[in-house]
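Here are a few exercises to work through with the viewer open. Try each task before reading its solution.

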Amino acid sequence: VKMSVLPVIRNYPLLEKKKSPGYRIGFLGRWAPNKKLEDLLFTLFYLKKIHPDYKLILLGKKNQIFNLYNNQITNLINELELSESIEIYENLDDDEMNREMLNLDLYLSMSEHEGFGIPILEAMSYGIPVIAFSSSAVIETVSEAGILFTKKEFPLVAELIHKIATSSDLKNLILKKQSERVMRYNNFPFKEKLLDLLQK
């Protein structure tokens, strides 16, 4: 059976991002085992060894179905002594979400199973450099625009993040590619592609 992938089409307006460098690493998604929030925590643990100002911003929602997982994440935050370096926001309205996204300095995804990565494209549209674990549909969503890595070697991922956060030339190169990627999706010929697939 031949299969094809069509993206989730919506408009992603390119927004102006603050220019000053910072250390706020964000992730947008519900609390679920496939999102691998624990890997975000391990990365933050090593980031704070590089610079104490790094913070992890979790934008999403806990689900009672995953209460055991939620408790594991909360316990891990305490075990790694990261409670002062993590901000958790649930049930934000659109204005609040825009504010928090615009305050991020980098978007990090450790997810190991994703459909089309809408939060990743949203981060790109906000002018946030994206680093993501190379898995499932994240590969197609990010493509050549952001930074994909294939091994979760947390100290190395932390060093990569810090390099991007502190290098304006590297950051600007990534942002340029990401803007091009967002515009590609904004102009994606969804109707034509769908009709073509149906005819086949």
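## Exercise 1: Helix H1

**Task.** Take helix H1, residues 37-50, and compare its end-to-end reach with the expected span.

**Solution.** Start with the count: H1 has 14 residues. Next, go from its first C-alpha to its last, which gives 20 Å. At 1.5 Å a residue the expected figure is 20 Å, so the two are close, by the rule that the span is 1.5 Å times one less than the number of residues. Keep in mind that this is a predicted model.

**Task.** Work out which residues of H1 are buried and what they pack against.

**Solution.** Step one is the list: Leu37, Glu38, Asp39, Leu40, Leu41, Thr43, Leu44 and Leu47 are buried. Step two is a bit of helix geometry: an α-helix has 3.6 residues a turn, so residues three or four places apart point the same way. Step three is to look for the partners. On the strand side, the buried residues of H1 pack against S1 (24-28), S2 (55-59), S3 (86-89) and S4 (106-109). Helices H2 (67-79) and H6 (154-166) are partners too.

**Task.** Zoom in on aspartate 39 in H1. Is it buried or exposed?

**Solution.** The relative accessibility of aspartate 39 is 6%. The cut-off for buried is under 20%, so aspartate 39 counts as buried. For its surroundings, skip residues up to four places away in sequence; aspartate 39 then touches Met110, Glu112, Lys152 and Phe154.

## Exercise 2: The whole chain

**Task.** Zoom out and describe how the protein chain is put together.

**Solution.** Begin with the inventory: 8 helices and 6 strands. Then read along the sequence, and the pattern comes out as β-α-β-α-β-α-β-α-β-α-β-α-α-α. Now check how far apart in sequence the contacting residues sit. Among contacts with a separation of 6 or more, 75% come from residues 24 or more positions apart. Finish with burial and surface: 44% of the 200 residues count as buried, and the chain exposes about 10,900 Å², with 53% of that supplied by carbon and sulfur atoms.

## Exercise 3: Two cavities

**Task.** Find the cavities of 30 Å³ or more and say what lines each of them.

**Solution.** There are 2 of them. The largest holds about 50 Å³ of space. Its lining consists of Phe27, Leu28, Lys35, Tyr107, Ser109, Glu114, Gly117, Pro119, Ile120 and Val138. S1, S4 and helix H4 (118-125) are the elements that give two or more residues to this lining. Sorted by class, the lining of the largest cavity has 6 nonpolar, 2 polar and 2 charged residues.

The second largest cavity comes in at about 40 Å³. Ile25, Leu40, Thr43, Leu44, Leu47, Lys55, Leu56 and Leu108 line this one. Here H1 and S2 give two or more residues, and H1 supplies the largest share with 4 residues. The classes for the second largest cavity are 6 nonpolar, 1 polar and 1 charged.

## Exercise 4: Positive phi

**Task.** Locate lysine 36 and glutamate 81. Which loops hold them?

**Solution.** Lysine 36 is in the loop between S1 and H1, and its phi is positive, about 55°, although it is not a glycine. Glutamate 81 sits in the loop between H2 and S3, and it too is a non-glycine with a positive phi of about 55°. For the last step, look at accessibility: glutamate 81 has a relative accessible area of 69%. Exposed means over 50%, so glutamate 81 is exposed.

Technical notes
Residues are numbered from 1 along each chain as its sequence is written. This is a predicted model: local features need pLDDT of at least 70, side-chain atom pairs count only at pLDDT 80 or more; totals for chains, interfaces and linings use all residues. Side-chain values use heavy atoms; hydrogens and water are left out. Buried means under 20% relative accessible area, exposed over 50%, partly exposed in between (1.4 Å probe, protein chains only). Contact means heavy atoms within 4.5 Å. Accessible areas come from the Shrake-Rupley method with a 1.4 Å probe; for residues, only the protein chains shown count as cover. On a 1 Å grid over the protein atoms alone, a cavity is a set of points where a 1.4 Å probe fits but cannot get out, and a pocket is an open set with protein on both sides within 12 Å along at least five of seven lines; lining residues have an atom within 4 Å of a point. Grid points are joined across faces, edges and corners, and a volume is the space filled by probe spheres set on the points. Ala, Val, Leu, Ile, Met, Phe, Trp, Tyr, Cys and Pro count as nonpolar, Asp, Glu, Lys and Arg as charged, and the others, Gly among them, as polar.
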